[in-house]
Amino acid sequence: RQGGVCGRQLHLQLKDDGWVAQVGKTDLDNFIQSQQYFALAVVPSSEGLNAASQAKDIDRAADSMTGSTGIPVVGTDGMLNSQYTDPWIWPVAASTATSMRIMAHHAIAAGAHDLAIVYDQNYRFGPEGAGAFVKQAQREGHNVPTACRIALTAGQQGYGTQAKSFNDNCKSTDFVALLLEPQTAQTWLRESPYLGTRADGTGKGFGGPQPLFDKQFGDNCGDTCKNMEIWTSMYPPIYPYDQQAAVRTFKQDLCAVDNDCNVHSLSAFTEGGYAGMELLVTALQKTSPYLTRERLKATLDSLILDDGINGVLTFKPGVHYANLTMVAFKDTYSGGSASFQYEDGSQQTDPCPSCQDPALNQ
């Protein structure tokens, strides 16, 4: 909108891989091999990006203009650890491991002793986040019993047998983490599983990370998700963050192109995509006018981004864990609609930012 770089402007080519790793990898490889694209923006499909990163397709991408290799992947969702260690990927969101360490630490600080977790074993964010959750509890001298580490297979019609086992074994735990994508979470919750609050009212309840910070999920979940603690690394347009100019601008920009913006603005992934594009545009502006992939990489590896819709992001070469902060909201479902209320004092930093916790069951 400001004239581009020497007259060149951004043009986006979009692909939907259905969160299937091989499809996503193929889409990314096709972009790379065509040598028609300067960078990969946002890339919210963590499975395909992880496959391309692990195969070194990102690092080896040929640059026909300079003869060098590597293609910038800018502003990703941060769900998997591989996004933070690949020298050509710059996430804007906190990692799933960070969110789960914070969730365990917060529950323990609130008085939880024994914790439980239900996680999605199909997508890599599940085992990675579950491993971080269990290790953080152990570091703080607490326990996640083996019987209360439930791995679900996504896409099932029901989880009755696992829910019964969970209820039989885990009603003595004080907090339950649900590390699930929305559809699997809804199916699991229909089985009436224990949710961290005992019959006598004691317990610290249940919580979920960024994939569940989504008003559409909250509306669909209904009264079952009332009082669920949901974490995000973005500042959503909810009090007190809706008073910040950058958050208001995000909502206004979204509403200019989306008639359902009041729903979609309350999604960590929507806001993360917006923040990711801000990172890319800022880096392009700072690198201009002599714009190459290598120069863009150098800019990003020394960039401090204070965009007002998440904590200050500081990138360094080889250290792309720029977002280490999360904040919690409570689902206050009422009258057929989910809404979210800021949990006072919940905003905090990863209690073990240098930890490289192994994925569960590794």
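This report covers one pocket, two buried acidic residues and some backbone details of a predicted model.

Residues are numbered from 1 along each chain as its sequence is written, and side-chain values use heavy atoms, with hydrogens and water left out. Because the model is predicted, local features need pLDDT of at least 70 and side-chain atom pairs count only at pLDDT 80 or more, while totals for chains, interfaces and linings use all residues.

**Pocket**

The second largest pocket holds about 160 Å³ of space. A pocket here is an open set of points on a 1 Å grid over the protein atoms alone, where a 1.4 Å probe fits, with protein on both sides within 12 Å along at least five of seven lines. Its volume is the space filled by probe spheres set on the points. Lining residues have an atom within 4 Å of a point. Among them are H106, F175, K204, N227, E229, K330 and E343. By class, the lining has 4 nonpolar, 3 polar and 4 charged residues; Gly counts as polar.

**Buried acids**

E181 and D258 both sit in loops. Helices (H or I, at least four residues) and strands (E, at least two) are DSSP runs, numbered from the N terminus. E181 lies between β6 (175–179) and α7 (182–189). D258 lies between α9 (245–255) and α10 (261–264).

Buried means under 20% relative accessible area, exposed over 50%, and partly exposed in between (1.4 Å probe, protein chains only). A salt bridge puts a side-chain nitrogen of Lys or Arg within 4 Å of a carboxyl oxygen of Asp or Glu. E181 is buried without one, and D258 is too. Polar contacts (pairs of N or O atoms within 3.5 Å, one able to donate a hydrogen and the other to accept it) are listed in the table.

| Buried acid | Nearest side chain of opposite charge | Side-chain polar contact |
|---|---|---|
| E181 | R190, 10 Å | T184, 2.4 Å |
| D258 | K251, 10 Å | H264, 2.7 Å |

**Backbone**

Most residues other than glycine have a negative phi, and most peptide bonds are trans. The bond from Y239 to P240 is cis, with omega near 5°. P240 is in the loop between β8 (229–232) and α9. The bond from S288 to P289 is also cis, with omega near 5°. P289 falls between α11 (268–287) and α12 (293–300).

Q35 has a positive phi, near 55°. This residue is in the loop between α1 (21–34) and β1, and is partly exposed at 39%. V42 has a positive phi near 70°. V42 is in the loop between β1 and α2, and is buried at 13%.

How values were computed
Lys, Arg positive; Asp, Glu negative; His and termini not counted.
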